[in-house]
Amino acid sequence: MTIRHFITSASFVFVFALVFLASCTTSQRVTRIDPNKTTDLSGRWNDTDSRLVAEAMSSDALAAAWLTQFATSKNKKPVVIVGMIKNKSHEHIQSETFIKDMERQFIKSGAIRIVQNSAFREKIREERADQQEFASPSTQKKWGKELGADFMVFGNINSIVDQEGRRKVVYYQINLELANIETNELVWIGEKKIKKYITN
């Protein structure tokens, strides 16, 4: 085979490959939908599950006896911090999505005060430290003024998968607990269960 024939053959293969790839591509189509609309594509944990957990947990916590008892005995709103939520499920789940929804509901209720968790507290303290050096004395934020939390939320996410052939049942159980930081007493336990039947 001459060099000319080799180049011609190689060019033909290259052009054929480009045409083949172009024919395989499909145009992507995006449609905006209501964020509150239930959509299940894969059967995995999704935004609907996160929303359902946040609604159930925040409603249950706000209606529980601990809140009224604390407000009556202390004559003030409880200060709550969200601690660690462990994901023990078979999926990668961002628990922060429903935790932030819960925090928002707590704040909107006007009955609970929320403080930042340890990671964000450190960022705020760094900013406060910078202010001591660079901000004017009249605008510097003082040390020792942080709100001490009365209660801490913590919990876990578990799942069970039962599969037979092309049929699958996925079960999620989310448990959250609220503990009195001073006494270690558990004052509230919230639970939300989600079960999905998936066929292929």
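**Exercises on a predicted model**

In this predicted model, Val80 stands opposite Ile114 in strand 2.

**Exercise 1.** Determine how the strands of the sheet are arranged and which strands stand at its edges.

*Solution.* Begin with the strand order: the open sheet has five strands in the order 2-1-3-4-5, and their pairing is mixed. Next, look at the ends of that order. Strand 2 (113-115) and strand 5 (186-199) each have a single partner strand, so one side of each lacks a neighbour in the sheet. On average, neighbouring strands are turned by 25 degrees against each other, direction ignored. Then add the helix: helix 2 packs on the sheet by touching strand 4 and strand 5, and its direction makes about 155 degrees with that of strand 5. Finally, turn to the partner of strand 2: strand 1 (residues 79-87) runs parallel to strand 2 and is joined to it by three bridges.

**Exercise 2.** Classify the ring pair of Trp45 and Tyr172, and state which parts of the chain it ties together.

*Solution.* The count of aromatic pairs comes to four. For Trp45 and Tyr172, the ring centres are 5.3 Å apart and the planes stand at 75 degrees; planes over 60 degrees apart count as edge-to-face, so this pair is edge-to-face. Now locate the two residues. Trp45 belongs to the loop between helix 1 (3-24) and helix 2 (47-63), while Tyr172 belongs to strand 4 (residues 167-180), so the pair ties together parts 127 residues apart in sequence. Both Trp45 and Tyr172 are buried. Ring pairs also link Trp45, Phe98 and Tyr172 into a cluster.

**Exercise 3.** Apply the same steps to Trp66 and Phe151.

*Solution.* The ring centres of Trp66 and Phe151 are 5.1 Å apart and their planes are at 65 degrees, so the pair is edge-to-face. This pair links distant parts of the chain, with Trp66 in helix 3 (residues 65-74) and Phe151 in strand 3 (residues 151-164), 85 residues apart. Trp66 and Phe151 are both buried.

**Exercise 4.** Check the span of helix 4 and identify its buried side.

*Solution.* At 1.5 Å a residue, the 14 residues of helix 4 (residues 96-109) should span 20 Å; the end C-alpha atoms are 20 Å apart, which agrees. The buried residues in helix 4 are Phe98, Ile99, Met102, Glu103 and Phe106. They cover an arc of only 145 degrees around the axis, which puts them on the same side of helix 4. That buried set packs against helix 2, strand 1, strand 2, strand 3 and strand 4. The face turned away from the buried side carries the exposed residues Ile107 and Lys108. After helix 4 comes Gly110, with a positive phi near 75 degrees.

Key. Residues numbered from 1 in each chain as written. Predicted model: local features only at pLDDT ≥ 70, side-chain atom pairs only at ≥ 80, totals over all residues. Heavy atoms only, no water. Phe/Tyr/Trp six-rings, centres within 6.5 Å; stacked < 30°, edge-to-face > 60°. Helix = DSSP H or I, 4+ residues; strand = E, 2+ residues; numbered from the N terminus. Buried < 20%, exposed > 50% of the residue type's maximum accessible area, 1.4 Å probe, protein only. Pairing = 2+ DSSP bridges. Axes fitted to C-alpha atoms, helices over the stretch in contact; angles between N-to-C directions. Contact = heavy atoms within 4.5 Å. Expected span 1.5 Å × (residues − 1). Arc of directions from axis to C-beta.
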